[in-house]
Amino acid sequence: MAKKKTIDFQALLENVDAQFPTYQALDQDGNIVNQDLVPDLSDEELVELMTRMVWSRVLDQRSTALNRQGRLGFFAPTAGQEASQLASHFAFEKEDVLLPGYRDVPQLIQHGLPLTQAFLWSRGHVGGNLYADDLQALPPQIIIGAQYVQAAGVALGLKKRNKKNVVITYTGDGGSSQGDFYEAINFAGAYKANAVFYIQNNGFAISTPRDKQSAATTLAQKAVAAGIPGIQVDGMDPLAVYTVSKMARDWSVAGNGPVLIETLTYRYGPHTLSGDDPTRYRSKEMDDEWTAKDPLVRFRKYLEAKGLWTEAKEEEVIEAAKEEIKAAIAEADKAPKQKVSDFLKNMFEVQPQSIKEQIEFYEAKESK
Ligand SMILES: Cc1ncc(C[n+]2csc(CCOP(=O)(O)OP(=O)(O)O)c2C)c(N)n1
Ligand SMILES: [Mg+2]
């Protein structure tokens, strides 16, 4: 009797993995390694992107200092993730809808949230959540993965209204283990909704390493089960992140449905400034390896070689950012003291009876 053919399970896994290479345009020395991924950006746009990334690094440093002085509340450091955050966001339009996580404040400010309001949000002040009508964004989500389900809903709304816009949302490697993550990409895929979903894989969910999140070789391949395209990109490479993001937006705006993008990145600082000590779960070797991949260093080298960037220009950007931050924090200090009743009034458009009663109670107390 002929021997029956067996299934090669190892090959099944390897065949999937082979479809998810890491896209890279610019290596860590600032050299182009893949001409196909070099974006069609003007010199001015390239300089603008670098300016935003340097601005974000300064915002990270100043926010850390302000937090330690007790002048800022919640802060999730962003240094290291500038390409992942700002080169991705650079591919979208003001009318696209941004649903950020707690670490995505730089994109939110670039999308139009005044810096003063971002500082008020950090302080837990209700004024940080009162958005101008033309700001197409929701406040940063703290519940891991929850913005993904909301993004799927907003994306379907855009689709039903025939809008040529998309939703952009971000979660982390840890967020990609949440039920909300799978539900959202599955739903958005089934309805071909207009969305670009990002997983910023910075290697850790607080202290939990990436290899404890999933047995999948890449997080991008989670897209397969949702029937949508998934791409893994070098998240320290602003050119590749931008190109992949722009192509994903074009694909989704054309009515083809969502895309999932995994950016390989690293946060240089602690998880948040609320007591995390990364030396307890990350080695110096690991930090050094990722420091060598710094997105600012490689982009600076690339732009300097093109004659588009100098040390003097960078100093100018740093000084301007410091001034902007100083003015914004002074403005935030002028906000009226937070009242409990203001918080309650901001919860529902139509107030339930229980909230009405609480508002009355607090207003009476506050007027004394
Ligand atoms: C539903 C939920 N569970 C747990 C937490 C507590 N928590 C806050 S941040 C975090 C880790 C998230 O890691 P990741 O998604 O990788 O994002 P990163 O902080 O690395 O950007 C956890 C577990 C939370 N905010 N929400
Ligand atoms: Mg993470």
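Q: UniProt positions are given in the numbering used here, feature names are shortened, and annotations may be inferred rather than shown by experiment. Which residues does the "coiled-coil region" annotation cover?
A: According to the unreviewed UniProt entry, the annotation covers residues 311-338. Residues are numbered from 1 along each chain as its sequence is written, with chains lettered from A and ligands numbered from 1 in written order. The model is predicted, and local features need pLDDT of at least 70, side-chain atom pairs count only at pLDDT 80 or more, and totals for chains, interfaces and linings use all residues.

Q: How much of 311-338 is helix?
A: The span is 82% helix and 0% strand, and its end C-alpha atoms lie 42 Å apart. Helices (H or I, at least four residues) and strands (E, at least two) are DSSP runs, numbered from the N terminus.

Q: New topic: is strand β4 buried or exposed?
A: In β4, residues 195-201, 7 of the 7 residues are buried (20 or more other C-beta atoms, placed from the backbone, within 10 Å of their own; 12 or fewer is exposed, in between partly exposed), so the strand is largely enclosed by the rest of the structure.

Q: And which way do its residues point?
A: A195, F197, I199 and N201 point one way from β4, while V196, Y198 and Q200 point the other way.

Q: Which strands pair with β4?
A: Strands pair if DSSP finds at least two bridges between them. Strand β3, residues 167-172, runs parallel to β4 and is joined to it by 6 bridges, with T169 standing opposite F197. Strand β8, residues 259-264, also pairs with β4 in the parallel sense, over 6 bridges, and there N201 stands opposite L264.
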